[in-house]
Amino acid sequence: MDSLISTFHLDGKLLIAQMVNFAIVFLVLYFFVFKPLFKVTGDRSLTIEKSLKEAKEIEARLEKTKAEQKEMIKQAKMDAAVVLEEANRQAEERKLELVAKAKEEIGDLINREKAKIQADKSEALREIRAEVAEMIKLSWEKIMHEKMDKTTDEKILSKVIKQME
């Protein structure tokens, strides 16, 4: 041991003093630097682990939310399709009702116009018959040079009118 000390020129007292100094510095560093640093590092590791765990939970919730969102969109599309189909069905029913009503109104209008035309035609025929009867009467009077009595006149006129029809 002495040869070792003499080879490396070590001083025992200085070595002990350096060891005591090292121990003091080590203890000071341990209690005032390393221990708080280890504590901060440990806390930070826990915080990082906790953050990673929360990130995984958030990611899982996000995936779940995306799945729910897709399901909601799918359901909304199905609901929209049902509503659209119902609206189309109601529109088609309404269209058929309106067409039927229009046809009915057109039929009524045609029938009224036909009746009106028939009435006008009957009135025109009646007027024509009256004028023809009057002309026949006047012609008859001119031919016969005498005025007939009313019953004979009407009888002859009716006979002539029936022949004309």
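Colleague: What is the relative accessible area of Glu 97?

Modeller: Bear in mind that this is a predicted model, where local features need pLDDT of at least 70, side-chain atom pairs count only at pLDDT 80 or more, and totals for chains, interfaces and linings use all residues. Residues are numbered from 1 along each chain as its sequence is written, and side-chain values use heavy atoms, with hydrogens and water left out. Buried means under 20% relative accessible area, exposed over 50%, and partly exposed in between (1.4 Å probe, protein chains only). Glu 97 counts as partly exposed, and its relative accessible area is 47%.

Colleague: Which residue does Glu 97 meet in a salt bridge?

Modeller: A salt bridge here is a side-chain nitrogen of Lys or Arg within 4 Å of a carboxyl oxygen of Asp or Glu. Glu 97 has a partner three residues away in helix H2, about one turn of the helix. That partner is partly exposed too, at 46%. With N and O 3.6 Å apart, the residue is Arg 94.

Colleague: How far does helix H2 reach from its first C-alpha to its last?

Modeller: Helices are DSSP runs (H or I, at least four residues) and strands are too (E, at least two), numbered from the N terminus. H2 takes in residues 12–144, which makes 133 residues. The expected span is 1.5 Å times one less than the number of residues. That gives 198 Å for H2, and the model comes close to it, at 185 Å.

Colleague: Where does H2 bend by about 50°?

Modeller: The bend at a residue is the angle between axes fitted to the seven residues ending there and the seven starting there. For H2, that angle is about 50° at Tyr 30.

Colleague: What separates Arg 126 and Glu 123 along helix H2?

Modeller: Their side chains meet in a salt bridge, 2.4 Å from N to O. Arg 126 is partly exposed at 48%, and Glu 123 is as well, at 31%. Because the two are three residues apart in H2, what separates them is about one helical turn.

Colleague: Which residues do salt bridges that share partners join into one network?

Modeller: Part of that picture is the bridge between Arg 89 and Glu 93, whose closest N and O atoms are 2.3 Å apart. Both lie in helix H2, four residues apart, and an α-helix has 3.6 residues a turn, so residues three or four places apart point the same way. Arg 89 is partly exposed at 39%, and Glu 93 at 38%. The network is made up of Glu 86, Arg 89 and Glu 93.
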